[in-house]
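New to this one? Take a look at the model below, and then we'll walk through it piece by piece.

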Amino acid sequence: VDKLGWILYHPDYAPYTFNLLTQEEPTVRSFLVEMLVGYSGWDVYEDNGLQVAAYAPIKTPGWSIALTMSFSEFVRDSENLRRETTTIVFITIIIVVMALFILASNITRPVNRLVRATKKIKEGNFDSLVAKYSHDEVGLLTDAFNEMVVSLNDTQNKLLQSEKLASMGRFSACIAHEVRNPLNAMHGAATYLKRKRGDDELISEYLELIINNIERLNTFVGDFLHFAKKTPVCY
């Protein structure tokens, strides 16, 4: 349609056969007015049956163009498009669900392995390293978990070693304490004998030797107990 309202091209009419003024059908006149104003959109009009048209302006010559089809064909094509769209949406949903399931499986499997390994660590098994199957965030988490397990294993070994040393210290302190009691008794007995038999030079000499060695052992035991003073002594 040109800017004066003449039909320039139509599949059923010759050029310049009719214009806005020659049209008696109100729906056609309304449709042509929309085109002459330069609007774009779509409309339904009567021309040997209901017709559907989509129109838009051609700015340079001031014309307007419309593409038309019968309303029944439009409904049929719309129904086909609806079915195709529904099918595409349904297939898309299935693909998305499958992709999400695969993605969730790829995430939950290594996480479940980490959970099982954590339960083993809780039971005291520090050899539960988790195999790494990816280099993404889950893989980084697996590396951090394995490093934590190795560190916990080292700490556990150090704690066991420290506990062994502490037990040895407590045991040694108990032995030293038990040794000190007879040493004190022997020292007292030797001192008593020296005082009673001090006139015998041979006995006095041997008792002096015994007393000196007992005092030396006492000093050694005292130093040992002082070193292990933080360890509780057995009574």
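What follows is a short tour of a helix pair, a few charged side chains and a nonpolar patch.

## Before we start

Keep in mind that this is a predicted model. Two helices come up again and again here: α2, which covers residues 71-122, and α3, which covers residues 137-196.

## Two helices side by side

A quick bit of background helps first. When two helices pack, people describe them by the angle between their axes and the distance between those axes.

Here, α2 and α3 pack at an angle of about 10°, and their axes are 11 Å apart. Because angles under 35 degrees count as roughly parallel, α2 is roughly parallel to α3.

So who touches whom? On the α2 side, the residues in contact are Pro110, Leu114, Ala117, Thr118 and Ile121. Across from them, α3 brings Val138, Leu141, Thr142, Phe145, Val149 and Leu152.

## A little charged network

Side chains of opposite charge can pair when their charged atoms come close. How many salt bridges does the structure hold? The count is two, and a network of salt bridges links Glu79, Arg82 and Arg83.

Start with Glu79 and Arg82, whose side chains meet in a salt bridge at 2.4 Å, N to O. Both residues sit in helix α2, three residues apart, or about one turn of the helix. Then there's Arg83, which also forms a salt bridge with Glu79, with 3.7 Å between the closest N and O atoms. Arg83 and Glu79 are about one helical turn from each other, because they are four residues apart in helix α2.

Are these three buried or exposed? They land in between: Glu79 is partly exposed, with a relative accessible area of 31%. Arg82 is partly exposed too, at 46% relative accessibility, and Arg83 counts as partly exposed at 43%.

## A nonpolar patch on the surface

Now for a part of the surface without charges in its make-up. Val96, Leu100, Leu103, Ile107, Val111 and Val115 make a nonpolar surface patch of about 470 Å².

Ile107 is a handy one to pick out. This residue lies in helix α2 and is partly exposed, with a relative accessible area of 40%. Patches take residues with over 30% relative accessible area, so Ile107, at 40%, clears that cut-off.

How values were computed: Residues are numbered from 1 along each chain as its sequence is written. This is a predicted model: local features need pLDDT of at least 70, side-chain atom pairs count only at pLDDT 80 or more; totals for chains, interfaces and linings use all residues. Side-chain values use heavy atoms; hydrogens and water are left out. Patches are made of residues with over 30% relative accessible area and no salt bridge: like charges are joined within 9 Å, nonpolar side chains (Val, Leu, Ile, Met, Phe, Trp, Tyr) within 5 Å. Accessible areas come from the Shrake-Rupley method with a 1.4 Å probe; for residues, only the protein chains shown count as cover. A salt bridge is a side-chain nitrogen of Lys or Arg within 4 Å of a carboxyl oxygen of Asp or Glu. Buried means under 20% relative accessible area, exposed over 50%, partly exposed in between (1.4 Å probe, protein chains only). Axes are lines fitted to C-alpha atoms, for helices over the stretch in contact, and angles run from 0 to 180 degrees between N-to-C directions. Angles under 35 degrees count as roughly parallel, over 145 as roughly antiparallel, 65 to 115 as roughly perpendicular and the rest as oblique. Contact means heavy atoms within 4.5 Å.
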